[in-house]
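Me: I am new to this structure and would love a close look at one part of it. Could you walk me through the open sheet of chain B and the helices around it?

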There are 2 protein chains.
Amino acid sequence: MPRDAINVGIIGFGTVGTGTARILLKNSDIIAQRLGFPLRLKKIADIDIERDRGIALPKGILVRDAMEVLNDPEIEIVVELIGGTGIAKELILRAIKAGKHIVTANKALLATEGNEIFLEASKSKVYVGFEASVAGGIPIIKVIKEGLIANNILSIYGIINGTSNYILTKMTDEDMDFSLALKEAQRLGYAEADPTFDIEGIDTAHKLTILASMAFGIPLSFDKVHIEGISKITPSDIRFAEEFGYKIKLLAIAKAVNGEVELRVHPTMLPKDYLISKVDGVFNAVFVKGDAVGETLYYGRGAGDMPTGSAVVSDICDIARNINSKAEPEATLKESPSALNIRAMEDVESMYYFRFSALDRPGVLSKISGIFGSHNISIASVIQKGRRVGEAVPLVILTHKAVERDIRAAVEEIDRLPVLASKTYFIRVEGPEPE
Amino acid sequence: MPRDAINVGIIGFGTVGTGTARILLKNSDIIAQRLGFPLRLKKIADIDIERDRGIALPKGILVRDAMEVLNDPEIEIVVELIGGTGIAKELILRAIKAGKHIVTANKALLATEGNEIFLEASKSKVYVGFEASVAGGIPIIKVIKEGLIANNILSIYGIINGTSNYILTKMTDEDMDFSLALKEAQRLGYAEADPTFDIEGIDTAHKLTILASMAFGIPLSFDKVHIEGISKITPSDIRFAEEFGYKIKLLAIAKAVNGEVELRVHPTMLPKDYLISKVDGVFNAVFVKGDAVGETLYYGRGAGDMPTGSAVVSDICDIARNINSKAEPEATLKESPSALNIRAMEDVESMYYFRFSALDRPGVLSKISGIFGSHNISIASVIQKGRRVGEAVPLVILTHKAVERDIRAAVEEIDRLPVLASKTYFIRVEGPEPE
């Protein structure tokens, strides 16, 4: 049954907006053939309608006022691509109240205000698509919500910030220090002028919040995510990791443990033979373990106009199909009746890598191991290399599994030792315990 | 809006049937919560209703006669898990005519008789779900049909037969020869007593047929797939591949080239730093490149009761959702109006690795390179190692890109040379051309 086109309006004609428009225009025939009816890009709103985006738009599509998209009765799907948590939220809520379905790539907004948006969407019986908000072109939201629907999700490990992964790859492969690798990322357009969101793990935490909500049926809980970035990692940490057989990645971790969910973003040492350890550069990957499917991994570009546009258009198509079949929208987030709690970070168990900067190592080692012992922390390996009398040289310790609360107490005690040249730094370690 | 349960019947209580039943029973709560209504496993038919599968079924579910499933008016979704192309086809067609939706893991049946089945399903307006037919638990059909719907698919490279990948991994990591690695696979239950379908590439070709049909909108074209297995690969091929920087994988390749689609299954040398080259053991992975999304990869277990059951249940859930929303089923396969042809294997371009077994190498090399030259085949590298007078020793040649037709003509000519101790063997090579 062929039907008329379903009309789409885009708000925000930046990188992702341009990619989305390009795909809708360039691949319109194949999309129409696969859907059974065409999509029509009816309006694009942006405050800048002058700049050349290198794309030939049909006349009259580009408008300056977002309200022209919201007030167009023919537009059934509104695509929000302006980003940020201010005006974007207002426009989305208005569109929802006008009965329009929403597609957005706005992870910051969903992670922090998504519960309200989903609730409003549910009341107005409209769909909210947000595949593009996590891991760019990788259809990870669809995989979790539909492909793995039969599974209790056990754990998710994601490399979902291309900027950080690019920087860590440069540091690993070219022995660059953090600030140089960051500059290189900025020069190539992989990092913004203010890189805080990317390098301090905030963007990763936004995306983890969304993934975990879908996987575990919990409300969006950004404020409960433990967040650490990569700016304190040194080339020597990376070399020591290699000696232990690990690679360092900025990981988003969501894990079901004893009826609670761990939500944490931090640099993580991973066994170097894990497939996810081999995901380098700006690429993203998400590892998902389910109780039925076992271990799975999804890999692709996490950003960019066309990859992210691919995810936006797949959401548009899903919603268009549902409009066409007159399906009644279900709630975007179905909370689990078993209501999992978010685990306090102090309760998390992990192995740990410690880098101490010690002035007088032999004495330090005995003091540190004493403090570790008194906090139930058992040492798996020690590396002490080089001997320069009077100078601070790194001392590196790998622990067996320990509880974060004990680790923090031990670090507090250790950092008061006068023989330490600087504050203790630690990186959590995932994988099988060393023997 | 809660509704009554949707009833499911399974035909075939083997490995996958048991996994499917186990998931439907064990995870029924979370599935019901995600769907908004429950699924009910109403009947399982199998000729053997005595054997203990280690699963506690509600009373009266297990029946001996498949017709009890087909004739049950309450069962809306029939899951065919007996396999093979005989009775399975008959049961599916009957179920379709009775207006029941179908879920199947039967790749052999779909690859060879799927066009008829899809047509009948289309006429009867029922769904056919077959996520479990390719790559076990990896939701690759959903990814291609929905997640990447915005893309013209450019190429697919799949490791989609766990048995072959296990054997090749053993040969690579432990320097085992083929027959020993096969025996090990049989001992562990990864290979059947008659391993032909797995090791000769037929199972891989069945799955490729299905993937390519969904990706390129072409009818299922199993008889047009070029198929070679892995039984002729020797440990020395694997060592030479390593010297050239490659790994050998049994790949399913579907590639759009100049308006045609290549469909081929053969051992392939791949640059060892490609992510897919690192997929080892019984694991599967599918690399998909789209014009918008770029390079993506999907990884997981390709077989086993629970992983494959996970895919079966995801299909059941998709169909149940559509039943619930009263969506009218679309055609399972939407043929592309641009009607891509399958490329003749003779027209395929590739790089090639050759292993010659020569009695008198210096003379042979000049003869072979002469024959290559006369067929427009340009040599990239040569390895000749060891010198044992009078004995056949391998001579290995890597070519630049050449056309299969020329390669075959050259091999025919070379194999007539009297100094060759055995028939020439070649393996196609993917990746960037050597300089």
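Reply: Happy to; here is a tour of that sheet, its helices and the side that touches chain A.

This is a predicted model, in which local features need pLDDT of at least 70 and side-chain atom pairs count only at pLDDT 80 or more, while totals for chains, interfaces and linings use all residues. Residues are numbered from 1 along each chain as its sequence is written, and chains are lettered from A and ligands numbered from 1 in the order in which they are written.

Let's begin with the sheet. In chain B, 6 strands form an open sheet in the order S3-S2-S1-S4-S5-S6, and the pairing is parallel. Strands here are DSSP runs of E with at least two residues, helices are runs of H or I with at least four, and both are numbered from the N terminus. Two strands pair if DSSP finds at least two bridges between them. Strand S3 (62–63) and strand S6 (128–129) of chain B stand at the edges with a single partner strand each, so one side of each is left without a neighbour in the sheet. Further in, strand S1 (residues 6–11) of chain B is joined to strand S2 (residues 39–45) of chain B by 6 bridges. One residue pair to look for is Ile11(B), whose bridge partner in S2(B) is Ala45(B).

Now for the helices. Helix H12 (residues 305–324) of chain B lies across S1, S2, strand S4 (75–80), strand S5 (101–104) and S6 of chain B, running at about 155 degrees to S4(B). Such angles run from 0 to 180 degrees between N-to-C directions, with axes fitted to C-alpha atoms, for helices over the stretch in contact. Residues are in contact if their C-beta atoms, placed from the backbone, lie within 7 Å.

Helix H4 (residues 87–97) and helix H5 (residues 107–123) of chain B pack at an angle of about 15 degrees, with their axes 10 Å apart. H4(B) and H5(B) are therefore roughly parallel to each other, a term for angles under 35 degrees. Among the residues making the contact are Ile92(B) of H4(B) and Ile117(B) of H5(B).

Finally, turn to the neighbouring chain. In all, 48 residues of chain B are in contact with 48 residues of chain A. The elements giving two or more residues to this side of chain B are helix H2 (28–35), helix H6 (140–147), strand S12 (294–301) and the H12 we have already met. Strand S12 (residues 294–301) of chain A pairs with S12(B) in the antiparallel sense over 3 bridges, and Leu297(A) stands opposite Tyr299(B) there.

Note on methods: Two residues are in contact if their C-beta atoms, placed from the backbone, lie within 7 Å. Angles under 35 degrees count as roughly parallel, over 145 as roughly antiparallel, 65 to 115 as roughly perpendicular and the rest as oblique.
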